[in-house]
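Me: Could you walk me through some side-chain and helix contacts here? I'd like the reasoning along with each answer.

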Amino acid sequence: MSTTDLPADSFPRSYDPHEAARRYYPWWESSGYFVGDPNAPGEPYAIVIPPPNVTGSLHMGHALDNTLQDILIRYKRMDGYKAVWIPGTDHAGIATQSVVERQLRKEGLDRHTLGREEFLRRVWAWKQQSGDQIFLQLRALGVSCDWSRARFTMDDGLSRAVREVFVKLYDEGLIYRDTRMVSWDPAGRTVLSDLEVEHEEGFQGELWSFAYPLSDGSGEIIVATTRPETMLGDTAVAVHPDDPRYQAIIGKTVYNPLVDRHIPIIADAILVDPAFGTGAVKVTPAHDPNDYEVGRRHNLPFINIFDESATVNENGGKFSGLDRFDARKAVKTAMAELGFDRGAKPHVMSLGRSQRSGVVVEPIVSTQWFVRMKPLAAPAIAAVENGFTRFVPSQWENTYFAWMRDIRDWCISRQLWWGHQIPAWTCGDCGHITVAKEDPSACAKCGSEKLSQDPDVLDTWFSSALWPFSTMGWPEKTDDLRAWYPTAVLVTGFDIIFFWVARMMFSGIHNMGVPPFRDVCIHGLIRDANGDKMSKTKGNVVDPLGTIEKYGADAFRFTLAQHAVQGRDMNWDDTRVEVSSRFVNKIWQAFRYMHTNLEGYDPQATPTLSVYDHWILARLGAATARVREGLDGYRFNDAANELHAFTWGELCDWYLELSKPAIYGGGEGRQAAQHTLVRVFSAVARLMHPLMPFLSEELYQRLPGASGTVMLAAFPKVTEFPEDPTVLAEVATLQEAVTAQRRARAEIGLQNKQVLPLLARGERAPALLKHASALRQLAAVERVELITGEAPKGAAAAAIAGADLFTPLDGVIDLVAERARLDKEIARVEKDKSDLEKRLNNPGFMDRAPADVVVGFREKLALADQRLTQLRASRASLA
């Protein structure tokens, strides 16, 4: 693209972010600018996108995560790295299956009616139709993923990788099948891993007590439970062996009248605390983790009373067919009618809920597949301890270590149809289980062809754990793996350190020999303006696409970067994007100033630069250094704020004003200013590109001699803009003088256009003489006169380090009235200061006040001190 491809009005008065996005994104993508080349020169730099669910749509978390990744990949691509950013989506087993099942219910169907094969066909059809929607939304954000490498966790290649890893782990004894207590999701009708259970602390439940009569009629024993329905599966009552209340009845039985079952009274010192309650505990080995262990120790029967939807099954007798919570009420009513109800009391408890469906999980005993985690976790812990992989901020390493060092075996089987079906086949003749990469035709043990594949699928996170290397073609030895593994950085939220980061770590080390990334950059959550977590139920969710539509992707992205402070959550308010959009407009207008003043510009000329030209180039070098430091250190807010400070605070507020006399004066000065403007704005367009890609491209294309795209232009280097301490010091003196003069004039209400002489004394005063023209332009200074000795009377005073500045006011303002005004203002500020000091010296206030309130009062006191100093200096000069 070139300037000839731009509209006839090549620099309209205002920037249109949507037109820029429509113009440049298709061009970038069709030109192959996003595509990585593993054989290209340069140091490798790779990022793999945290794959959003195929069911997902862009939310604020995605927007932040992907904006930060895009900033990094655009920066490194411009900086000469062999960069690639691999996108993709996750098949999201439970979520995707639920979406399609809801569609079926609208048609009066369910998956069991369709059968597995037809159901999976329907899911794939849905995926083809709707599954890539989030890719389109990410494009609206401006991300520069290599879409030619987009992957899906159930692609053929990734499915092969899953089988490869499963079989390898099985052969190594790290995957095994076992029957044990697991957490069951009755809504999803599948087992969950420990991480997929969210515990609702402080839940207000009920502790219900009831009596079990002794079978011989000699008495009763009272127990309590928060889940009365589970008494249908009780197979014992446990007491402490040293509890004198029960020693005589250990070994006897009690009668469960609801299911006509006699169960033993057993002694168990591990389960029972004799000081808690009655010292007797009902034991349901099939539906409680602690009771499960008791059942194993005492060889008790395990009676499952629920089907897969947590409806009471045939083992529940007359309660069969009731939902578990309906059964709870029915059991209490039945026991009350039999005279065994002993009352209830409120009980605060922790309630486990499925992260996926939100329903209360049910502990059940089930045969599942597990990964043996301890041997896999050890090298993943060492990789972070040894510094091969580092967390940014570093405090998240503690979270990682805490989970990895206390890790439990991972239940990886799920009772779903959508997902990677477990590659294990059971022989119908001998029962042998064959685990293989390819579908077997016969039993590996007896040769029988009566094989049936395990119907369960793998946990979605199993395939996601392989993402950094499976997306690059593993198990084949590909050019992508050779060039880009391990990847440079993973950018993600802290909420999936356990689910995904840790699992990728041990999977990468076990299968590739090294961890999958050098850095793990953890960002915070985006909350609403009040600091609350966004949720649909609260109605406080912000739609990023709506914000982009209103303000454009550049302003939206800049806002995200500017407030992405390491280690802190972000409170979101769209008014911040409005502020960023004003910054976008400021940049646009500054470029227009340059563009409209390029008549006669000769790129081959070598004019002598002014002190102001040298100054802005030196300041640009300092800004470039700080932007680079911010991006290299994942301090995105520092990079964004530095870009803002330089562009608005130094380039627009100072240099553009200082350049105007040269621009409008003609001659070599105009040529020098033009050269400087082009050089600076070229660098600014490149500096801002990672954060604001559309705006930067729109501006870059309008630079004299621009060719190609800004996204492949070289990112500015500090060495291009050498320091010039002498010039920096000289212009700093001018800036301080202008600022001090403006403040002093504002204090007494002088009009900006009222030109007055400036009297200056001190060691830095002579430096102002050569900037008389700039002082006239920027601070309405008629002329600069150097003085010595006493301060002149009747003059407004200002001071900078090394110089005192005076503006004679005799005949300009009413000095008597101004003295009176200053006296009144000094008295008011002195009173405010006194009140603040009294508060801060009051022990009662200091003990009770929150820390942030105390800090606020101290800041107000410091400002009052500063204000008094200024006022007293002004008053003294008018004495």
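Me: Over which ring does the charged end of Arg 111 sit?
Reply: Happy to help, and bear in mind that this is a predicted model. A charge counts as over a ring if CZ of Arg is within 6 Å of the ring centre and within 35 degrees of the ring normal. The charged end of Arg 111 lies 4.8 Å from the centre of its partner ring, which belongs to Trp 417.

Me: And what is the distance of Lys 127 from the ring centre of Phe 152?
Reply: For Lys, the atom to look at is NZ, with the limit again within 6 Å of the ring centre. Lys 127 lies over the face of Phe 152, and its distance from the ring centre is 4.4 Å.

Me: How are the rings of Tyr 25 and Trp 28 arranged as a pair?
Reply: Let's start with the helix: Tyr 25 and Trp 28 both lie in H1 (residues 17-30), 3 residues apart, about one turn. An α-helix has 3.6 residues a turn, so residues three or four places apart point the same way. The ring centres of Tyr 25 and Trp 28 are 6.2 Å apart, and planes at 65° make the pair edge-to-face.

Me: Are Tyr 25 and Trp 28 buried or exposed, and which Phe residues share their aromatic cluster?
Reply: Both Tyr 25 and Trp 28 are buried. Their cluster also includes Tyr 24, Trp 27 and Tyr 33. Its Phe members are Phe 34 and Phe 694.

Me: How do helices H2 and H17 lie relative to each other?
Reply: H2 (residues 60-78) packs on H17 (residues 553-562) with the axes 10 Å apart and at an angle of about 90°. Among the contact residues are Met 60 and Leu 64 of H2, and Phe 556 and Leu 560 of H17. By class, this contact has 7 nonpolar, 1 polar and 3 charged residues. The two helices, H2 and H17, are therefore roughly perpendicular.

Me: Which residues of H5 meet H3, and how many residues of that contact are polar?
Reply: H3 (residues 93-106) and H5 (residues 116-130) pack at about 105°. H5 contributes Phe 119, Arg 122, Val 123 and Trp 126. The contact of H3 with H5 holds 6 nonpolar and 2 charged residues, and the polar ones number 3.

Me: Why is H15 largely enclosed by the rest of the structure, and which residue follows it?
Reply: H15 (residues 497-512) is largely enclosed because 13 of its 16 residues are buried. After H15 comes a residue with a positive phi, near 90°: Gly 513.

Methods
Residues are numbered from 1 along each chain as its sequence is written. This is a predicted model: local features need pLDDT of at least 70, side-chain atom pairs count only at pLDDT 80 or more; totals for chains, interfaces and linings use all residues. Side-chain values use heavy atoms; hydrogens and water are left out. Axes are lines fitted to C-alpha atoms, for helices over the stretch in contact, and angles run from 0 to 180 degrees between N-to-C directions. Helices (H or I, at least four residues) and strands (E, at least two) are DSSP runs, numbered from the N terminus. Angles under 35 degrees count as roughly parallel, over 145 as roughly antiparallel, 65 to 115 as roughly perpendicular and the rest as oblique. Contact means heavy atoms within 4.5 Å. Ala, Val, Leu, Ile, Met, Phe, Trp, Tyr, Cys and Pro count as nonpolar, Asp, Glu, Lys and Arg as charged, and the others, Gly among them, as polar. Rings of Phe, Tyr and Trp (its six-membered ring) pair if their centres lie within 6.5 Å; planes under 30 degrees apart count as stacked, over 60 as edge-to-face and the rest as tilted. Buried means under 20% relative accessible area, exposed over 50%, partly exposed in between (1.4 Å probe, protein chains only).
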